[in-house]
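Reader: Could we go through this structure together? I would like to discuss its cysteines and its cavities.

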Amino acid sequence: MTKDSKVHLIGNAHLDPVWLWQWQEGYAEIKATFRSALDRLNEFPEFVFTCACAAYYQWVEENAPEIFAEIRERIAEGRWVVTGGWWIQPDCNLPSGESFARQSLYGQRYFLEKFGIMATVGYNVDSFGHHGMMPQILKRSGMDYYLFMRPEEHEKHLDSDLFWWESEDGSRVMTFRLSDSYANFTRHGKDAKILKHQRLAKEKGHDYMSFYGVGNHGGGPTVANLQLIDEIREEHGRDQIILSSPNQYFSDVVKENPTIPVVKDEMQRHAIGCYSAHSESKANNRRVEHRLLSAEKFSSLANLWLGLPYPMAPLQLAWENVMFNQFHDIMGGCSIKEAFDDVREFHGEALAIGARSLNAALQKISWAIDTMKPEVKSLSKDKDWQSWEQDDLGAPIVIFNPLSWEVETHVKVNKKLKSITDEAGTSTAIQIVRASRTNAKDDKWDSLITARVPAFGYRVYWTYRDKDIPAEPLAGEVHAADNMLENAKIRVQLDAHTGYISSIFDKTTNSELLNGKGAVPIVIDEHHSDTWGHALVQYRIEIGRFGDAQIKILEQGPLRATIRVTSYYNSSVLRQDFSLSEHSSDVQVRVKLDWREKHKMLKLSFPIHVDQPQSVSEIPYGFIERPTNGNEVPGQQWVDVYGIVPGLASGEDQQFRGMALLNDAKYGYDVLGSEIRMTVVRSPIYADHFGVRDDQVEFMDQGVQEFAYTLTPHSGSWKDGRLVQKANELNVPPLLIWETYHEGTLPQYGEGIVISAASVVATAFKRAEDGNGWIVRCYETLGQDTQCEFKLQALQREWRTTFGKCEIKTFFIPDDSAIAVGEVNFVEIADPK
């Protein structure tokens, strides 16, 4: 660009609805800020105001309709500019891929309904890092441009603040990183910030954005701001320093078509402590995301099969709660303690809505299944109801699978049973396990079975209290002895004193899978860290380990063997139940932690025995490979370390193997060499930025929490481990409904979807927002081009398509079967391009 390079002054108010205050104060802050912005628009004819976040507009619409009416007029005029397109400015690492899709769906549709527009510029100026699939998510949200600030230059060097950002699938968005704060400037003679950006515009060869306006607790541009700006423009050129918006900035830059670099990387790393601060809200986020998706899937099937009204409005309210709680200062765990009391309430409402919707759908489906066996029908005709014996006829249960592939897994039935069969009468093995009930001496046992349930579907199993129906012998055995778990595939040895895993031995390859002790609970010092983890890249200052373990065998097979390890550190207690099944090499662990430490962190360590290790982990709707340098990084449901099998003979072909760590509640970890360390808990002071540390402060995550993780060994690379499927199976177990005898229109086995490609999974199945069809969202999980065929039995629809590597596709299936299945974006609008 030439001497005509311009500075675009962006009038905004950074609005944190929650941070050092609760949402009720944020509600008032937003109304006051919007009123102030409207007043400035009345007073200064050239002033333009920029604001994101549909949630803020909804608050003002419902509580100050006169302000909302003025905003609508200013938007139509073009002087109030909507950006972002999302419900809130979320944490941009930790929500699931589908949560980002819902931010777009509900945010963009709100703007479209209320103002007749959609945002074209993604806008997350204060979020603490941005995952690598963001360009595709933005493009599928109707946004071609992106604006952010963190990480800043001292945290991540970029050759240019203006660049093309590319995700793994090849999607690109033009992106600008702010070089200074989104908030107000201070007066230095004239103004150093604006003049600095004018100089940068000329040096960089492209226009520059410069933000102004009182922020964090709202406020926006002031009269003094605008008067100062007028003076600067008068002195340094009104054509070179303009009152603008992000929309105008990108429109002008695109016209000039500057040569800018392409960056294919995640935007990290800022505030590494936010990946693991406040365990409860993070665990509830994971729970509610999956619950709502399950509720949508089975509500869709119950509507299609049986006409149950689809709960569109309640589910949207639940998603609005989830999206609000994903605001970066909430999801990042850096707000005040009182704010998290509200977060618990919002999550609770969403979980309850999901539970009611899901239960209504499951009960509707199970009640419509024909459970009248011939022998039951015969008794019914004779009206000999009193002669029924449960142990002769059996009691039906219906097991549901919300996932888009067939699942074979253990299911616990809350009764002590003698036998169980599938709908065809084939008996399956049972293991009697301890129940949570303690109300009666003989009623403290449940039954563990292995169930195989179809995708998006259900299956009836028949339970017998006293009738003995022999099952086929199991293909393998599992047992626990001393400090060891063993089946035909793997042997797990625990250290008798510490409780650490001393060995995971692969019996199929006669090789050790660990390179040292595993499941080691390492205590890390955090006195040098604030709540955010500002200015840090690692948490690796070890100050102790849990030990003095007590080891107890809980279960002895034949389906599952379990050993409980209880270990101690100061006043903290860690209980881990290590389980191994008869048919799998996966080591499943359920954890109960009573944490009493302050300014400390707990990590669990797993050194994997491979050479030349590589690390890959899940990110929203994708994956990323990262250096194994020990830096703290964000992750989602799985992280994997794989490499070359050690000790191969000279000249022998290289072979790969690895091990994945799956979890159901955690988001932070590090990998150094071949060692994975999962961050379990942190205990900083609430919302502490090295402030007053006296005896009146409160520390996070004191007390009891529970979660689960799984160690998944595999041969080959991470792509050979079915990690996406296994991680989802850990997070989304089957659902069970007890039934009785009744006639019905549904069979005892029902499959909802068939997807031909193993690398493609369907994450969402819901009613279309316009009420004229159905939505199925899928993504390619392994980074490879894939041909795929779909069968959606409930709609009697079949279609085929091609997925590019890591591609996300949203299918619209019209109610009118004469109209072909088509593709839409996250907003459920066909892409005009």
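Author: The following exchange takes up the cysteines and then the cavities of this predicted model.

Reader: How many disulfides are there?

Author: The count comes to 0 disulfides. C53, for instance, is in no disulfide, and the nearest cysteine sulfur, that of C51, is 6.5 Å away. A pair of sulfur atoms has to lie within 2.5 Å to be counted, so C53 and C51 do not qualify.

Reader: And C92, where is its nearest cysteine sulfur?

Author: That sulfur belongs to C53 and is 11 Å away; C92 is likewise in no disulfide.

Reader: Is C53 buried or exposed?

Author: C53 counts as buried, because its relative accessibility is 1%, and the cut-off for buried is under 20%.

Reader: What about C92, buried or exposed?

Author: C92 also counts as buried, because its relative accessibility is 0%.

Reader: Turning to cavities, how many does a search of the whole structure find?

Author: The search finds 6 cavities of 30 Å³ or more. The largest cavity holds about 350 Å³ of space.

Reader: Which residues lie nearest the centre of the largest cavity?

Author: They are S96, H290, Q637, N728 and T763, out of 28 residues that line the largest cavity.

Reader: Which elements give two or more residues to that lining?

Author: These are the helices α4 (97-115), α9 (279-306) and α15 (723-731), together with the strands β29 (611-619) and β40 (760-767). α9 gives the most, with 6 residues.

Reader: How do the lining residues divide into nonpolar, polar and charged?

Author: The lining of the largest cavity has 14 nonpolar, 9 polar and 5 charged residues.

Key:
Residues are numbered from 1 along each chain as its sequence is written. This is a predicted model: local features need pLDDT of at least 70, side-chain atom pairs count only at pLDDT 80 or more; totals for chains, interfaces and linings use all residues. Side-chain values use heavy atoms; hydrogens and water are left out. Buried means under 20% relative accessible area, exposed over 50%, partly exposed in between (1.4 Å probe, protein chains only). On a 1 Å grid over the protein atoms alone, a cavity is a set of points where a 1.4 Å probe fits but cannot get out, and a pocket is an open set with protein on both sides within 12 Å along at least five of seven lines; lining residues have an atom within 4 Å of a point. Grid points are joined across faces, edges and corners, and a volume is the space filled by probe spheres set on the points. Helices (H or I, at least four residues) and strands (E, at least two) are DSSP runs, numbered from the N terminus. Ala, Val, Leu, Ile, Met, Phe, Trp, Tyr, Cys and Pro count as nonpolar, Asp, Glu, Lys and Arg as charged, and the others, Gly among them, as polar.
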